[in-house]
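User: I would like to go through the strand pairing and helix packing of this model. Please keep the answers short.

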Amino acid sequence: MKSIYDAIIRYDELSSDEREALHEQLAEEPELARAFQQWQTVRAAVREQMEDRWPDRHLLVLYALAEARGEEILTADERDTLEAAREEIEQALQAHPALRDVVDHIQDECDAFEATWEAHTEGAATTEEPTAAPNRTPEPAADRAPRRGAERTPDVRVPWRIAIGAVVVVMAVLALFFIPREPDATVVETSAGETAELDLSEDATVRLAEDSRLSYVEGEEHRPTLEAGGAFFDVGPATDDFIVETPTARTVVLGTQFGLEADLEGTRVVLADGRVSVVGLERPDESVTLSPGEESRVEGGAAPTQPEPVDVTEALEWTGLFVFRDQSMQAIADRLSGRYDVRIEVAPALREETITGTFDREQPVDQVLDVLAATLNADVERPEEGGYRIVAVE
Amino acid sequence: MDPPLSGAEKGETLQTHRAMAGADNTFRAEQVERAQQGDEQARSELLTALEPILRGYFIKRIGQEAAVDDLVQNTLLRIHEGLADLEKPGSLKAFAMKAAMFELQDYYRGRYDMKEQLYDPELERERSDAAGESLARVDVDRALDMLPDKTRRILELREYGFKYREIAQMVDLTEAAIKMRVKRAFEKLRDALAAICALLLPLGL
C-alpha cells in the first residue's frame, strides 16, 4: 500500500531499483511525471538560492561555536573572518528561520562531540564502541507467547494462549529488512507478497502487512510509526503509553487489538478489542475514542471521523488473521468454510453461541476448529463423507 | 609524514592506543607540542588516538554508513594539515571538534546530488516541452511564499542536506508529520505551477 508520493518525497533516499520502479509508475501517469519534474526543478532552485543567499557553511560553524562557547574557542584568523561576516550572517538568520535551525543543530552536534570525547578520554570502555542499533530478527511464531485465543463471550476466557502458541504456524515471511536507518532507529519493511511479525516488547506484538513500513527508535518500542501500509497490533492490558503514529494520525492504545492502514493521504483504524483514542496530527485537540467493532478514518489535516460500526473480520482480513468479535459460531463456520474450502456444520444448539478470538489464517483448519470447539465445550467430528461437524458434548 | 593508519592495520593498533588515551592522556599539551614541532611518532600517536573518537562520534551522528570512513579520514587530514596553526596545544579538543563540524557540513551538502536527479533521461523529455521552458522563469520565492512558514523551513532544511528524521528533531515534529507537510507542499506547488504554466502558454511566454 506504499504511496507513490512517499517515493517522490523520499527520492534522494531511494535505491536504484526503487527509483526505477518509480519511473515506471510515472511513465504511466504523465501529469504526475510532469509535476515530479517541476518539483525537482523547484528543489534545485531552492538549493541554488541557498548557496547564493545563505552564509558559507563553515562560517555558520564558527558563528555557532562562538555563540555557544565564546570567541575564545576560535583562532585569531577565525575571529577576524567571523567578524567581517557577522552582519551578513545575522541578516540571513532574520530572513531564513531554517538557518537558525542549522545553527542550533551545529551547537547540538558540538555538545555531542564533547560527550563522545569525554567518554573516550575518561577510558569508559563501554562508550568506545559504536552504538549502532543492533539488527533484530523476529521470533518464529511457534516460539512466541501465543496470541490471545478464542473466548466465549461475554465472560468465559479459556487459557488458549498456551494452546495456540503451540500450534501457530510460522509466518510465510519471504524477506524482512531490519535497517538501522538512523542512529538508534530500526525500520521494518515488507515488499509485495511479504508479511512480518515482531515483538515490540514482551506484551506488544505487531503484524505488518505486505508493502508496509514501520519504524521505531531503540528504547521507544511503544512509540512506533507506521509510515505506510497496514499493521495489526496486539497490545497487552498491562502496557501503558503505547502510541502509534502514522503520517496523519496518532492512536493511543490501552491494551487492545486493532488494525491500522495508512499512507500519506489518510489512516484507517479498526478496533477489534480494548480501547483506543485516535487524533489527527494536524488537529490534536479533536479526538475520538473507539469501542470494539468500530472504525474511524483520518484524512490529512482533518479530525478523525466519528466511530462507525464495522465488520471487524472483513475489515481486518488484510492482516492475514481471522479476527472474530462476538461472532456467532455459524458465521465463523461460514467464513472458515470459505477460506479453507471445506464443509463445516454446526449443531443447532451451538449456532448462535458467540465467540471472540484471533487466529492466524495460515493455521490448519482442524487446529482452529479444535480451539473453537474447546471454547464451546464441544467436539469436532470428521464425517466419512468429508468436512467437519461441531457437536455439543453429551 | 606517515598517513593515518589504513583500515587493515587499525584493529590491533587501536586497542593499544585506546589504552594509552585512557591511561596516559595522549592529548596532553606537551604531546601536541611535540607533534607540532615535527615529532613524527607523537603526531602519529595523536592521530591514531583521535581516530576512534571521531569514528564513534560520526557513527552516532549519521549511523553505520560508508561515509563514516571518509568523514573520519577527512577530519584527520584537516587536523594533520592544520596542527601547526593550533595556537593553544591544550585546545586539541576544540580544534578537532571544529574540523569534525566542517566535515559534517560538507557531508550534508553532498548528500543529495540534484544534478543526477534532474537529468534523468526518462524525465528529460518532459523538460523540453513548452511548459518546462515556462517553468524556468517561475519565481521560486513566490512559489515558496504560498507555503506555511514551517513547511518552507522543512523544505530548506531538506535541501541543506538533512534527512527527514533529523529535520523532525530540529523542528519538533514527528517524521510522519514532516513527510505529510512535504507531500502537501508538492501538491500545492504542482497545482500553482500548473496554473501559472496554463496562463503563460496562451500568452506565448
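User: Which residue of S15(A) is the bridge partner of A:Val269?

Analyst: This is a predicted model. In chain A, strand S12 (residues 266-273) and strand S15 (residues 294-299) run antiparallel and are joined by six bridges. A:Val269 has its bridge partner in S15(A), and that partner is A:Ser296.

User: Which residue of S16(A) is the bridge partner of A:Glu295?

Analyst: S15(A) also pairs with strand S16 (residues 308-309) of chain A. That pairing is antiparallel and has two bridges. The bridge partner of A:Glu295 in S16(A) is A:Glu308.

User: Which strands are at the edges of the open sheet S18-S21-S20 of chain A?

Analyst: Three strands make up this open sheet, with mixed pairing. The twist from one strand to the next averages 20 degrees. An edge strand pairs on one side only, and in chain A this holds for strand S18 (344-346) and strand S20 (378-381).

User: In S21(A), what is the bridge partner of A:Ile344?

Analyst: S18(A) pairs with strand S21 (residues 388-392) of chain A in the parallel sense. Three bridges make up that pairing. Within S21(A), A:Ile344 is matched by A:Tyr388.

User: At what angle to S20(A) does helix H10 of chain A run?

Analyst: Two helices can be placed against these strands. Helix H9 (residues 329-340) of chain A lies across S18 and S21, at about 175 degrees to S18(A). Helix H10 (residues 365-375) of chain A lies across S18, S20 and S21. Its angle to S20(A) is about 155 degrees.

User: Turning to chain B, why does H4(B) count as oblique to H5(B)?

Analyst: The axes of helix H4 (residues 67-82) and helix H5 (residues 92-110) of chain B come within 9 Å. They cross at roughly 135 degrees. Angles over 145 count as roughly antiparallel and 65 to 115 as roughly perpendicular. The crossing angle of roughly 135 degrees therefore makes H4(B), relative to H5(B), oblique.

User: How many of the residues in the contact of H4(B) with H5(B) are nonpolar?

Analyst: H4(B) passes H5(B) in a right-handed crossing. H4(B) contributes residues including B:Leu71, B:Arg78 and B:Ile79, while those from H5(B) include B:Phe95, B:Glu103 and B:Tyr107. Three residues of the contact are polar and three are charged. The nonpolar ones number 10.

Technical notes: Residues numbered from 1 in each chain as written. Chains lettered and ligands numbered in written order. Predicted model: local features only at pLDDT ≥ 70, side-chain atom pairs only at ≥ 80, totals over all residues. Heavy atoms only, no water. Axes fitted to C-alpha atoms, helices over the stretch in contact; angles between N-to-C directions. Helix = DSSP H or I, 4+ residues; strand = E, 2+ residues; numbered from the N terminus. Parallel < 35°, antiparallel > 145°, perpendicular 65-115°, else oblique. Left-handed = near helix turned anticlockwise from the far one by under 90°. Contact = heavy atoms within 4.5 Å. Nonpolar A, V, L, I, M, F, W, Y, C, P; charged D, E, K, R; others polar. Pairing = 2+ DSSP bridges.
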